[in-house]
Amino acid sequence: MTGDRMRGAWRAWADLWDRREDAAALALVRIFVGLVLVVDYVDIWRLDLVEAIYAAPPDGFGVAYDGWGQALGPHGVWLVALVASIGIVTGTLTRVSCVVLLLASAQLAHMSPNAERGIDTILRIVAGVLALSRCHARWSVDAFVRAKLGRPMSHDVPAWPRYLLLLQLVWIYFSGGINKGGAPWFPHGGCTALANIFADPHVARFDPGWLEVAMPFTRIATAMTMLFELGAPLYLAFYYFDATRERGGRLRALCNRLRLRWVWIAVGLAFHLGIAIGMRLGIFPWGMLALYPVLLVPDEIRRALRLGQRRKIDAPANRASSPS
Amino acid sequence: MIAFAIVLALVEGCPIPPPHETLTWQQGYVSLIRPVQRAVMTPFAWIPKRLRFTQRFALFQAAEPDRFRLEIRARTGDGTERVVFRAGDDATEYAALVTQRRVRGTWNPTNKPTSQWVSFARWFANRVFADHADVQTMTFRLERIHFEDGTLTNTGTYAFDLYRSRGQR
């Protein structure tokens, strides 16, 4: 009996990771992540900071690092990372671009460790997973070239990289929640953490004067943040309930009726948009939101795509205006 | 293979506090988990090290009410002093440069200065010396500030002061 159960569980596990689905979600992640990376690397160049951040003193404030980047120099490694990011957005030699981005970004992190934030680590991990996926099966130069060569790529791709990214996203929030240690994050510290951050001149976008009025709201937002982060693993249950809504069960029906999956996504969106508006954390909120397409059930993306196509067909054709 | 990768990531990302931050009540379970974590990760430790991966994420881990505010001052040959950069004041000449997220990471302290704090000060001072021929010395310091009940208080005390003079190596 136990053996049968074990075999059944193993089969279910293998079936789960063997599923296939439309490439749209992974392609969207690829495009959004690539865009965020391009903007980030261009920003460094725009401010003429490539040498400053990555070169060792006296030319910059990086650290001496004996890696392959040494031969290329700060500008060389930065350029490699930028070109790879463009390759990711456009889906050009996608797998190679993802691997190159991963290596170049890691090299830059070695060259200036404090210039590296959590979001850089996250995007490197995502690039690694995308390299193993078929995220280039849609909306990519690779797919276009393959179609021209008469060997079009199938839109039906392995789903496991999306599952892995979904797990990663949930883990990032959960890990962020359990690694928070300061009293201001908790009721016994008054839930003042967000107010403290919004008042921090190093990251705050606005003068902290508004906090005098908004303190109660920031306390609620702090509690919501902790609930959202620590409750992140629940999203997996909400997702499962939504994806298997034809099965019975009171809990499943209740979660689906209350649309808890969408509530969680909405809180996440509000969380990151709040950060983007109130704080200057660079690409962090956008890099995280770039991963949100993995939260959708494949059917939802398919329906959205179909809706888009129908609108295109229904729309009246543009006609040149008559000269008369 | 996927299951193995997930397990490895969970082991690496297991949220146990570093040895110097372990509280008394945590010592029991931490002393059990840490050796297992080390043993499991030993053959694979090169991967996160080389590729700069980790599965331990922390955004605003502490968010304490006591913070710092970076202030950079320049002094000219005739003794006149002016603020070159002050965190929170976007009107200063170098605000865009100093607050760029990667640059901020190199100077923004926790309860101690970053490992690149001195290098940053040296580079920035040289940049200001090059831009302004009249500037002779630069002061880098972090003012201690306190935030309580919606009010920010500048304490007037400073930490991690650094001084750079023109021509200094």
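Me: How many salt bridges does the structure hold over all its chains?
Reply: There are 24 of them. Keep in mind that this is a predicted model.

Me: Okay, take A:E21 and A:R162. What makes that pair a salt bridge?
Reply: Their side chains meet with 3D spacing of 2.5 Å, N to O. The cut-off is 4 Å between a side-chain nitrogen of Lys or Arg and a carboxyl oxygen of Asp or Glu, so the pair passes.

Me: And why can you say that this pair ties parts together?
Reply: Look at where the two residues lie. A:E21 is in strand β1 (residues 20-22) of chain A, while A:R162 is in helix α8 of chain A, so the pair links parts that are 141 residues apart in sequence.

Me: Are those two buried or exposed, and how do you know?
Reply: A:E21 has a relative accessible area of 6%, and A:R162 comes to 1%. Buried means under 20%, so A:E21 is buried and so is A:R162.

Me: Where do A:D120 and B:R102 sit?
Reply: A:D120 is in helix α6 of chain A and B:R102 is in helix α5 (residues 101-107) of chain B, so this pair crosses between chains.

Me: What makes A:D120 and B:R102 a salt bridge?
Reply: Their side chains meet at 3.0 Å, N to O. Set that against the 4 Å limit, and the pair counts.

Me: Why is A:D120 called buried, and what about B:R102?
Reply: Same test again, with the line drawn at 20%. A:D120 has 6% relative accessibility, so it counts as buried. B:R102 has 4%, so it is buried as well.

Me: How do you know that A:E229 and A:K180 tie parts of chain A together?
Reply: The side chains of A:E229 and A:K180 meet in a salt bridge at 2.8 Å, N to O. A:E229 lies in helix α10 and A:K180 in the loop between α8 and α9, so the pair joins parts 49 residues apart in sequence. Both residues are buried, too.

Me: Back to where the chains touch. How many residues does each chain give to the contact?
Reply: Chain A gives 73 residues and chain B gives 56. The area buried between chain A and chain B is about 5,400 Å², with 60% of that coming from carbon and sulfur atoms.

Me: How many salt bridges and polar contacts are there between chain A and chain B?
Reply: The count is 6 salt bridges, and 27 residue pairs are in polar contact across the interface. Elements giving two or more residues on chain A's side include α1 (2-17), α8 (160-178) and α10 (211-230). The largest share, 9 residues, comes from α8(A). By class, that side has 45 nonpolar, 16 polar and 12 charged residues.

Me: Why do β1 and β2 of chain B count as paired strands?
Reply: Strand β1 (residues 66-76) and strand β2 (residues 81-86) are joined by 5 bridges. Pairing needs at least two, so they qualify. The strands run antiparallel, and B:A74 has B:R82 as its bridge partner. They form a hairpin with 4 residues between them, where B:G79 in the turn has a positive phi of about 90 degrees.

Terms used: Residues are numbered from 1 along each chain as its sequence is written. Chains are lettered from A and ligands numbered from 1 in the order in which they are written. This is a predicted model: local features need pLDDT of at least 70, side-chain atom pairs count only at pLDDT 80 or more; totals for chains, interfaces and linings use all residues. Side-chain values use heavy atoms; hydrogens and water are left out. Contact means heavy atoms within 4.5 Å. Buried area is the accessible area (1.4 Å probe) that two parts lose on being put together, summed over both. A polar contact is a pair of N or O atoms within 3.5 Å; within protein, one must be able to donate a hydrogen and the other to accept it, and residues adjacent in sequence count only if both atoms are side-chain atoms. Ala, Val, Leu, Ile, Met, Phe, Trp, Tyr, Cys and Pro count as nonpolar, Asp, Glu, Lys and Arg as charged, and the others, Gly among them, as polar. Buried means under 20% relative accessible area, exposed over 50%, partly exposed in between (1.4 Å probe, protein chains only).
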